Amino acid sequence: MKKNLEIGILFIAAILMLVVFSLTISQCNLFEKHYDLTVILKMVGGLKEGDQVQVSGMELGRVYQLILQPDTTVKVILRMDTKIELQTDYLIEIRESSMIGGNFVYIHQGTAGQIIDSTQPLAGKLSISGLNEIGEMVRDSKADLKELLNTAKTVFQRLERGEGNLAQFINDQGLYTNLKESSESLKNILKEIEKGQGPLNKMIYDEKLARQLSEAGDAIVKTFEPVVKTKVYAGAESKYYVESDLFISRFNIKIYPRPNRYFLLGASVLSLDTDGDIDFKNKQEGDQYQTLVKGDFLTAYEPVENLIFRVGLLEGKPGGGIDWEIPLSSTFCSKLTFTLEGRDAYNSVKDENIDENINGGLFRAYASAQLWNYLSVYAGANRIGHGSEVEFMGGLCLEYLDEDIKNFVTLIGLSR
């Protein structure tokens, strides 16, 4: 009982330290009240969960969930840190953070009219991106530019014949000479354009060049957009396995280059007890605990919405898992996840310093509830398929969107 009490106190203290550390780093409040806004859009332009929501230039929330509707519209749920009031002339718009990618939701609360019920679905729109806006401007102005050049040609022809007030005004020989030389130069340029020569002709009339410029802009966006839109989550978790007297604490980052794929990099710290069912090197030398560090590297893919497959190194051994996520609309509990994972057991390789006394693979099944967007609680069973050796497991995890690590990862991606 004394040993179990000590372990319990150690476990609680470790979790409290993780909570304080995470809250300090992320500057978030797990118990802060949230307010949800529901926005309906025809297109979201690559908006992702976790993107910023700005009101009057201030970050007051995040994109919480995107749901495709049967009518092909998209329902976007914005989770706000502060309750805001919207008037009848409000504006909700998806904008680009930069010309090469990255999105945020812009909200203008409105300045006139009555305050509306913001608990009802709101209308939003997608703004034109920077490069597309330039392309639209060029296309819209193409006819006007041609007309302007034709008008300029006519004006200079009249000047050359000495017609009009302007021609009389420039009869001054010195001014006339300078202006005539300029007129001749511009006339030559216009003639080159008419004949299909010169760079201006290519810019105005050459459809191939216009297409190449457009493709070049698309290539720039395609190259840099995934880097800019990458999201990075930092996490720390601790799980306790009762019969094995084993603590496994993991510190990791998840890198999301795309919404349906992530890479997990981290390390698992295994704290083994001499009285547990797991044998380890130097167990008989009187040490009460043995701490070992094992690497984690997993790649995950979501082929179907809310169903995630993971494969790679789990606690230093080949393994993987399947996660089935169930999003919830509750502010307290935002998501339930059911997980089945497994890895090669320690004892299959000669001279390993751990023996879990299991032949074959080690399998776990557990459920987790995500609370307040940051905290998750685990409960389930370990050593499944080994009869009476099946044991209870439980734990906590803290995970949050980390902008500093994201910026570092972005710099690495841009340098590549």
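## Aromatic pairs, cores and strands

A search of the whole structure, a predicted model, finds 5 aromatic pairs. One of them joins Tyr366 and Tyr378 in an edge-to-face arrangement. Their ring centres lie 5.6 Å apart, with 75 degrees between the planes. This pair links distant parts of the chain. Tyr366 belongs to strand E18 (residues 361-371), while Tyr378 belongs to strand E19 (residues 375-382). The two residues are 12 apart in sequence.

Are these two tyrosines, Tyr366 and Tyr378, buried or exposed? Tyr366 counts as buried because its relative accessibility is 8%, under the 20% cut-off. Tyr378 also counts as buried, because its value is 13%.

Elsewhere, Tyr233, Tyr256 and Tyr262 make up one aromatic cluster.

Two rings have the charged end of an arginine over them.

| Arginine | Ring | Distance from ring centre |
|---|---|---|
| Arg79 | Tyr64 | 3.9 Å |
| Arg95 | Tyr106 | 3.7 Å |

Next come the nonpolar cores. The largest has 21 residues. Val76, Leu78, Met80 and Ile107 have the most contacts inside it. Two or more residues come from each of these strands: E1 (35-41), E2 (52-55), E3 (58-68), E4 (74-80), E5 (91-98) and E6 (101-108). E4 gives the largest share, 4 residues. Another core lies apart from this one and has 14 residues. Among them are Leu270, Ile278, Phe280 and Tyr346.

What does Leu78 touch, beyond its neighbours within four places in sequence? Its contacts include Tyr35, Leu37 and Val39. Val53, Val63, Val105 and Ile107 are also in contact with Leu78. So are the charged residues Asp36 and Arg62, along with Tyr64.

Gln54 is found in strand E2. Its side chain makes a polar contact of 3.1 Å with the side chain of Gln52. Not counting residues up to four places away, Gln54 touches Glu59, Phe104, Val105, Tyr106 and Ile107.

Strand E9 spans residues 231-241 and is mostly covered, with 10 of its 11 residues buried. Which strands pair with E9? One is E10 (residues 246-258), joined to E9 by 11 bridges and running antiparallel to it. Tyr241 has Leu246 of E10 as its bridge partner. The hairpin of E9 and E10 has 4 residues between the strands. There, Asp245 takes a positive phi near 50 degrees. Another partner is E20 (residues 391-401), which is also antiparallel to E9 and is joined to it by 9 bridges. Within this pairing, Gly235 stands opposite Glu399 in E20.

Key. Residues are numbered from 1 along each chain as its sequence is written. This is a predicted model: local features need pLDDT of at least 70, side-chain atom pairs count only at pLDDT 80 or more; totals for chains, interfaces and linings use all residues. Side-chain values use heavy atoms; hydrogens and water are left out. A nonpolar core is a set of buried Ala, Val, Leu, Ile, Met, Phe, Trp, Tyr and Cys residues joined through side-chain atoms within 4.5 Å. Buried means under 20% relative accessible area, exposed over 50%, partly exposed in between (1.4 Å probe, protein chains only). Contact means heavy atoms within 4.5 Å. A polar contact is a pair of N or O atoms within 3.5 Å; within protein, one must be able to donate a hydrogen and the other to accept it, and residues adjacent in sequence count only if both atoms are side-chain atoms. Two strands pair if DSSP finds at least two bridges between them. Rings of Phe, Tyr and Trp (its six-membered ring) pair if their centres lie within 6.5 Å; planes under 30 degrees apart count as stacked, over 60 as edge-to-face and the rest as tilted. A charge sits over a ring if NZ of Lys or CZ of Arg is within 6 Å of the ring centre and within 35 degrees of the ring normal.
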